[in-house]
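Here are a few exercises to work through with the model open beside you. Try each task before reading its solution.

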Amino acid sequence: QVKAVVARLQFPMIKAAKLDFYLFGDKEHPARQLLNNIGHAVFGWNEGNDRNSRLLFDKIESSVMRVVHEFVDDIGVFQSVNEDFEAFLGQQTEFAKKAEARVTQVVRGQDDLLKARRHVAELIETHNRKAGRLPVAIVEFQREAWHDVLMLTLLREGEESAAWSDHLATLQLLIWSGLPKPTIEDRQKLLIEAQHPLVPGMVGGIP
């Protein structure tokens, strides 16, 4: 497909060489620069339906057709078309860099999310294991709500933040509230915490 389009430059190139014999010896000649830029642009190109492939093919085709229709005896036509083609390539390169950066950011974000999820799950499991058997209500609350609170806090503010310390303290209080209270002091403390929970509505309703 590309070869058929580029082949249409054959006669304009021959005509340009007749007007300017130095075309073959001058690497900076506009006609040679255009041909070289097109050649470099299609290196590794494959005929496909993806947007970038179609954009490149359409630009090559429009550039070649400009030369075919506009070139008579002014070599400047090659220079104008080549400058336009180089600007197109620069834009595509910039778009590709931005797209790659976005992909990298997404991958990094997914990796951070996975690490945070795993870290919080392990942290909760460690605290629960130390506490022993906990009421189902507490375990479900950890899994359905507090796990996400801790994970988002870890991602946004980090483990050194005050918010992380507060939420971790709430987790510890939540676990403690589900443990047996053998002493009067512990039972009184539980009543106080139930009246003034760190998170409104969290402690209330726990067996």
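Let us begin at the end of a helix: Gly-132, just after helix 5, takes a positive phi of about 95°. Helices here are DSSP runs of H or I with at least four residues, numbered from the N terminus.

A word on the ground rules: this is a predicted model, in which local features need pLDDT of at least 70 and side-chain atom pairs count only at pLDDT 80 or more, while totals for chains, interfaces and linings use all residues. Residues are numbered from 1 along each chain as its sequence is written, and side-chain values use heavy atoms, leaving out hydrogens and water.

**Exercise 1. Compare the expected span of helix 5 with the distance between its end C-alpha atoms.**

Step one: helix 5 covers residues 76–131, which is 56 residues. Step two: the expected span is 1.5 Å times one less than the number of residues, giving 82 Å for helix 5. Step three: the end C-alpha atoms are 82 Å apart, which agrees.

**Exercise 2. Decide whether Phe-78 is buried or exposed, and find what it touches.**

Start with its place: Phe-78 is found in helix 5. Buried means under 20% relative accessible area and exposed over 50%, with partly exposed in between (1.4 Å probe, protein chains only). Phe-78 has 0% relative accessibility, so it counts as buried. Next, list its contacts (heavy atoms within 4.5 Å): leaving out residues up to four places away in sequence, Phe-78 touches Pro-12, Met-13, Ala-16, Pro-30, Ala-31, Leu-34, Val-67 and Phe-71. Finally, take Leu-34: it is 44 residues from Phe-78 along the chain, yet their C-alpha atoms are separated by 6.9 Å.

**Exercise 3. Find which other residues of helix 5 are buried, and what covers them.**

Besides Phe-78, the buried residues of helix 5 include Val-77, Val-81, Phe-85, Gln-92, Val-120 and Asn-128. Now look at the cover: it includes helix 2 (10–19), helix 3 (30–41), helix 4 (51–70), helix 6 (136–157) and helix 7 (162–177).

**Exercise 4. Place Ser-161 and find the backbone atom by its side chain.**

First, Ser-161 lies in the loop between helix 6 and helix 7. Second, its relative accessible area is 11%, so Ser-161 is buried. Third, a polar atom of the Ser-161 side chain lies 3.1 Å from the backbone nitrogen of Trp-164.

Definitions and conventions
Helix = DSSP H or I, 4+ residues; strand = E, 2+ residues; numbered from the N terminus. Polar contact = N/O pair within 3.5 Å; in protein donor to acceptor, adjacent residues only side chain to side chain.
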